[in-house]
Amino acid sequence: MLLLLASCDGGECCPSCFCRVRTTDIFEQVPPEAEDVVILADTSPENVANATALAEALPDLVTSLVEEDVDARIGVVRCDVWGRTDGGALLGSVDVGDASAGDTLAALVPTAGDGPERQPCLLAATLAVTAPMIDTTNAGFLRDDTPLRVVAVAADDDCSAADADASCPVAADDVATVDSLLGALDAADADGLTVSALASGSGCDTTSQRYAAAVDATDGVFADLCADDVDTFLWAALGPAVPRYTTFTLSSAAVEDTLDVLVDDAAVLGDAEEGWTLEGAAHFLVFHGSAVPARGALVDVEYQVAGP
């Protein structure tokens with residue numbers, strides 16, 4: 001929306017006076033983003049270093065999600081569900097409201113390497129978000145109209161599927177196809193599912209084919225454990241689809257000391273660290289620090305248009 005108001009010293013625009021035009025530009029910040037996240041904890045001895053790296057990366061991930069104003073709920077579940085009566089139970093979860101949640105989340109990741117060598121992580125995810133677990137132990141974790149993100153960091157390929165190789169210690173009644181697991185996961189959340197994995201890729205001796213298939217089927221992110229780092233992978237998998245705008249292009253060049261800037265009806269002052277600056281020949285309003293408008297916010301900018 002663009003509103004134009006014109007006036008001059010004599011109360012009207014005329015050839016003998018300079019017409020000082022004020023205009024109002026109204027912008028809308030990118031819409032809110034939310035996600036429910038299940039982190040799959042591979043507890044095998046071979047995955048200790050990866051699990052430790054995952055735990056160490058989570059505080060920075062949470063800080064970045066807070067900075068980007070992403071409403072994330074993140075839980076952790078053990079992958080070694082075979083023979084466990086609590087298979088699929090969340091070890092805990094956090095709502096990402098402030099950066100301190102990162103340390104709480106990091107402490108939930110098992111790093112002792114006390115599980116079996118090969119593990120059914122996709123099965124663990126399915127158990128976590130479907131009945132009976134989602135109606136009992138994990139009740140309340142999934143939110144309505146919120147995408148579900150499943151993330152695995154694993155040294156070996158997933159052992160949930162019926163086509164798992166002989167090194168997977170899978171009993172006949174414990175197997176499922178990748179498609180059936182993805183179907184069960186998708187049915188648990190009406191607003192979309194992605195599976196992402198940091199696993200063996202082309203840089204390793206073998207490729208995690210079942211993780212790759214799950215990622216491909218859900219348009220998730222597949223990263224190579226032998227070439228990519230955990231921090232980059234997590235942000236690619238869980239960062240916002242669209243970052244918040246920090247720069248808004250005004251419809252006309254502005255006289256800086258005439259700017260009135262409101263964000264959701266609250267005044268924001270000019271400041272190079274925690275406010276706004278006018279840049280690029282007075283056409284660009286740039287927000288800094290905590291002044292960057294929250295997702296979904298309305299930005300109202302009234303100013304005098306710079307003369308010729």
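## Strand pairing around β4

Two strands are said to pair if DSSP finds at least two bridges between them. In this predicted model, strand β3, made of residues 33-41, meets that condition with strand β4: the two are joined in the parallel sense over nine bridges. Within this pairing, Val 37 stands opposite Ile 74 of β4. Between the two strands the chain passes through helix α1 (residues 48-67), and the resulting β-α-β crossover is right-handed.

Strand β4 also has a second partner, strand β5, which covers residues 90-95. Here the strands run antiparallel, and five bridges join them. In this pairing Val 77 stands opposite Leu 90 of β5. Strand β4 itself spans residues 70-78 and is mostly covered, with eight of its nine residues buried.

## The chain as a whole

The protein chain contains six helices and 14 strands. It has 308 residues, of which 49% count as buried. Its exposed surface amounts to about 14,200 Å², and carbon and sulfur atoms supply 51% of that area.

The contacts can also be described by separation along the sequence. Among contacts in the protein chain with a separation of 6 or more, 74% are between residues 24 or more positions apart.

## Arg 73, a residue of strand β4

Is Arg 73 buried or exposed? Arg 73, which belongs to strand β4, has a relative accessibility of 16%. The limit for a buried residue is under 20%, and Arg 73 therefore counts as buried.

Residues distant in sequence can be found beside Arg 73. Asp 36 is 37 residues away from Arg 73 in sequence, yet their C-alpha atoms are 4.9 Å apart in space. Leaving aside residues up to four places away in sequence, Arg 73 touches Glu 35, Asp 36, Val 37, Val 94, Asp 95, Gly 140, Phe 141 and Arg 143. With Gly 140 there is a polar contact: the backbone oxygen of Gly 140 lies 2.8 Å from a polar atom of the Arg 73 side chain.

## Ser 160, a buried loop residue

Ser 160 is located in the loop between β6 and α4, the latter being residues 178-187. Its relative accessible area is 1%, so Ser 160 is buried. A polar atom of the Ser 160 side chain lies 3.4 Å from the backbone nitrogen of Leu 122.

## Backbone features in the loops

Most residues other than glycine have a negative phi, and most peptide bonds are trans. Three places in the loops may be read against this background.

The peptide bond that joins Ala 131 and Pro 132 is cis, with an omega of about 5°. Pro 132 is found in the loop between α3 (121-129) and β6 (148-153). Asp 145 is placed in the loop between α3 and β6 as well. Its phi is near 55°, a positive value in a residue other than glycine.

Asp 265 lies in the loop between β10 (260-263) and β11 (266-268). Although Asp 265 is not a glycine, it has a positive phi of about 70°. Are these two aspartates, Asp 145 and Asp 265, buried or exposed? A residue is exposed when its relative accessible area is over 50%. Asp 145 has a relative accessibility of 66% and therefore counts as exposed. Asp 265, at 73%, therefore counts as exposed too.

Conventions: Residues are numbered from 1 along each chain as its sequence is written. This is a predicted model: local features need pLDDT of at least 70, side-chain atom pairs count only at pLDDT 80 or more; totals for chains, interfaces and linings use all residues. Side-chain values use heavy atoms; hydrogens and water are left out. Buried means under 20% relative accessible area, exposed over 50%, partly exposed in between (1.4 Å probe, protein chains only). Helices (H or I, at least four residues) and strands (E, at least two) are DSSP runs, numbered from the N terminus. A crossover is right-handed if, with the strands pointing away from the viewer, the path from the first strand over the helix to the second runs clockwise. Contact means heavy atoms within 4.5 Å. A polar contact is a pair of N or O atoms within 3.5 Å; within protein, one must be able to donate a hydrogen and the other to accept it, and residues adjacent in sequence count only if both atoms are side-chain atoms. Accessible areas come from the Shrake-Rupley method with a 1.4 Å probe; for residues, only the protein chains shown count as cover.
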